[in-house]
Amino acid sequence: MTPFFEQVYEIVEKIPRGRVISYGQIAHKLGRPNGARAVGWAMRYCPEHLPWQRVVKADGSVTGGEYAELRRQLLEGEGVVFLPDGRVDMKMHNI
């Protein structure tokens with residue numbers, strides 16, 4: 001695990017229940033404003049005990065390939081509201 005990955009996971013660990021953060025916001029917090037893809041790469045290896053479902057795209061889209069539906073279900077279980085087009089309401093749930 002790289003130091004960058006560890007920093008990403010430290011942020012992910014602190015995301016409160018019912019809230020989300022974007023890949024780009026994590027990158028910005030780590031001083032890498034153009035590093036959203038690097039955060040995405042780190043999230044591919046995210047430890048299972050972390051709230052990985054709380055990291056979404058900047059527009060609130062849920063990613064995750066085969067895990068996208070599970071991610072949405074987990075977020076809905078936390079009270080996260082989705083817009084009619086399937087995106088997280090970022091105004092309501094962004095940290």
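In this predicted model, R72 and E76 sit four residues apart in helix 4, which means that about one helical turn separates them. A general rule of helix geometry helps here: an α-helix has 3.6 residues a turn, so residues three or four places apart point the same way. The two side chains do meet, for R72 forms a salt bridge with E76 in which the closest N and O atoms are 3.0 Å apart. Neither partner is hidden from the surroundings: R72 is partly exposed at 23% relative accessibility, and E76 is partly exposed as well, with a relative accessible area of 39%.

The pair in helix 4 belongs to a total of three salt bridges. Another of them joins E78 and R54, with a distance of 2.9 Å from N to O. Here the partners come from distant parts of the chain, 24 residues apart. E78 lies in the loop between helix 4 and helix 5 (90-93), whereas R54 lies in the loop between helix 3 (36-43) and strand 2. Are these two residues buried or exposed? E78 has a relative accessible area of 12%, and because the cut-off for buried is under 20%, E78 counts as buried. R54 is likewise buried, at 10%. A further salt bridge brings together the side chains of D85 and R87, at 2.7 Å from N to O. In that pair, R87 is partly exposed, with 27% relative accessibility.

Attention now turns to the surface. Y67, L70 and L74 form a nonpolar patch there, and together these residues have about 260 Å² of accessible area. Y67 is found in the loop between strand 2 (55-56) and helix 4 (68-77). With a relative accessibility of 45%, Y67 counts as partly exposed.

Helix 3 offers a view of the interior. Which residues of helix 3 are buried? They are V39, A42 and M43. Looking down the axis of helix 3, one sees these buried residues fall within an arc of 100 degrees, so they line one face of the helix. What do the buried residues of helix 3 pack against? Their neighbours are helix 1 (3-13), helix 2 (23-29) and strand 2. Strand 2 also helps to place two residues met earlier: the loop holding R54 runs between helix 3 and strand 2, and the loop holding Y67 runs between strand 2 and helix 4.

Technical notes: Residues are numbered from 1 along each chain as its sequence is written. This is a predicted model: local features need pLDDT of at least 70, side-chain atom pairs count only at pLDDT 80 or more; totals for chains, interfaces and linings use all residues. Side-chain values use heavy atoms; hydrogens and water are left out. Patches are made of residues with over 30% relative accessible area and no salt bridge: like charges are joined within 9 Å, nonpolar side chains (Val, Leu, Ile, Met, Phe, Trp, Tyr) within 5 Å. Accessible areas come from the Shrake-Rupley method with a 1.4 Å probe; for residues, only the protein chains shown count as cover. A salt bridge is a side-chain nitrogen of Lys or Arg within 4 Å of a carboxyl oxygen of Asp or Glu. Buried means under 20% relative accessible area, exposed over 50%, partly exposed in between (1.4 Å probe, protein chains only). The arc is that of the directions from the helix axis to the C-beta atoms. Contact means heavy atoms within 4.5 Å.
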